[in-house]
Structures are given as C-alpha cells and as structure tokens.
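Work through the exercises below with the sequence and the structure side by side. Try each task before reading its solution.

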Amino acid sequence: MKVGIILGSNELSRVAYAAMHSAIAVSLDNEVVLFATMDGVKAFLKTPDLRVTDDTSKVIKESGEDVFQHFRRAKKSGKLKILACSYASKVHKLDKESYGELVDDIVGITSFSMEVEGGQLVSVW
C-alpha cells in the first residue's frame, strides 16, 4: 500500500510524529511519500528550522532526541520519498540547494496527489 503524509508544520512534535509514522509504515512494507508544505518545508532545510512551542516539542528538545533519525532509517529502505512543495518553496524563497539530503525533489500538489493516488493519506498540521 502507498501512504502519503502531508506535513504542514515545522513544530518539532509534529515533525517527530511524521518521522515515526514514516518509519513504521515503511517497516510494514509500505511505500511512503511525505509532502512537506507551508512551514513544513522549513524542517528539511540544510539547517532545520524547527519551532518548539508546545509541551511535547519542549520535552523532545530537552531529551536531545534526533527525530530525523527515523526519516534516515526509513529512507535507507528505499521506500520513503520526501518531497518539498513547490509553492511553499517559492513563498519561502527556497530552492533544491536550500534543502538537506533527505529531500528528493520539489514538486507541486498535483504531482504528490498522483504519486499517492489510491493510498492512505495522513495529514499533520
């Protein structure tokens, strides 16, 4: 099964959830496509820009946990693709060189929708 995850926030707790969901879905032999949009693109910059405003984010930050380890592990399987939204990239004046190695491409919502057509969608805002 294909799993599409839409990540629209750079809040640490939400990025952590998307990372864990990606890793679990891949471990269950699913193909996962994560679409980072709006502020979510900021999480995948070469130097991630993560908000830490809710209590869970504060606890994660204090623990020193690297939430990106889950994305890296899932990517090693070859079953996780991370796409940055072209509109959000334009709004934030970002190009492919702005993003870290986890981002596979910059695409529009239509390309993402076609990629995960018929699959399960998870939205994280």
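The exercises that follow concern a predicted model.

**Exercise 1. Two asparagines in loops**

Task: Locate Asn 10 and decide whether it is buried or exposed.

Solution: Start with the position: Asn 10 sits in the loop that joins strand 1 (2-7) to helix 1 (12-27). Next, take the relative accessibility, which is 2% for Asn 10. Buried means under 20%, so Asn 10 is buried. Finally, list its contacts beyond four places in sequence: among them are Val 15, Asp 39, Lys 42 and Arg 51.

Task: Find the backbone oxygen that the side chain of Asn 30 reaches.

Solution: Asn 30 belongs to the loop between helix 1 and strand 2 (31-36). Its side chain comes to 3.1 Å from the backbone oxygen of Ala 25. Ala 25 is also in the contact list of Asn 30, together with Met 1, Val 3 and Lys 79, when residues up to four places away in sequence are not counted. With a relative accessibility of 11%, Asn 30 counts as buried.

**Exercise 2. The nonpolar core**

Task: State which residues touch the most other members of the largest nonpolar core, and which element gives the largest share.

Solution: The core has 40 residues, and those touching the most other members are Ile 5, Leu 34, Phe 44, Phe 71, Leu 80, Ile 82 and Tyr 99. Elements that each supply at least two core residues include strand 1, strand 2, helix 3 (68-76) and strand 5 (120-124). Helix 1 gives the largest share, seven residues. Then take Phe 44 as an example: its contacts include Leu 34, Phe 71, Ile 82 and Tyr 99.

**Exercise 3. A nonpolar patch on the surface**

Task: Name the residues that make the nonpolar surface patch of about 410 Å².

Solution: The patch is made by Tyr 17, Met 20, Ile 24 and Leu 28. Of these, Tyr 17 lies in helix 1. Tyr 17 has a relative accessible area of 40%, so it is partly exposed.

**Exercise 4. Salt bridges**

Task: How many salt bridges does a search of the whole structure find? Describe the one formed by Glu 115.

Solution: The search finds eight salt bridges. Glu 115 pairs with Lys 81, and their closest N and O atoms are 2.9 Å apart. This pair links distant parts of the chain, with Glu 115 in helix 5 (residues 109-115) and Lys 81 in strand 3, 34 residues apart. Glu 115 is partly exposed at 25% relative accessibility, and Lys 81 is partly exposed at 31%. Another salt bridge joins Lys 42 to Asp 39, with the closest N and O atoms 3.5 Å apart.

Terms used. Residues are numbered from 1 along each chain as its sequence is written. This is a predicted model: local features need pLDDT of at least 70, side-chain atom pairs count only at pLDDT 80 or more; totals for chains, interfaces and linings use all residues. Side-chain values use heavy atoms; hydrogens and water are left out. Helices (H or I, at least four residues) and strands (E, at least two) are DSSP runs, numbered from the N terminus. Buried means under 20% relative accessible area, exposed over 50%, partly exposed in between (1.4 Å probe, protein chains only). Contact means heavy atoms within 4.5 Å. A polar contact is a pair of N or O atoms within 3.5 Å; within protein, one must be able to donate a hydrogen and the other to accept it, and residues adjacent in sequence count only if both atoms are side-chain atoms. Patches are made of residues with over 30% relative accessible area and no salt bridge: like charges are joined within 9 Å, nonpolar side chains (Val, Leu, Ile, Met, Phe, Trp, Tyr) within 5 Å. Accessible areas come from the Shrake-Rupley method with a 1.4 Å probe; for residues, only the protein chains shown count as cover. A salt bridge is a side-chain nitrogen of Lys or Arg within 4 Å of a carboxyl oxygen of Asp or Glu. A nonpolar core is a set of buried Ala, Val, Leu, Ile, Met, Phe, Trp, Tyr and Cys residues joined through side-chain atoms within 4.5 Å.
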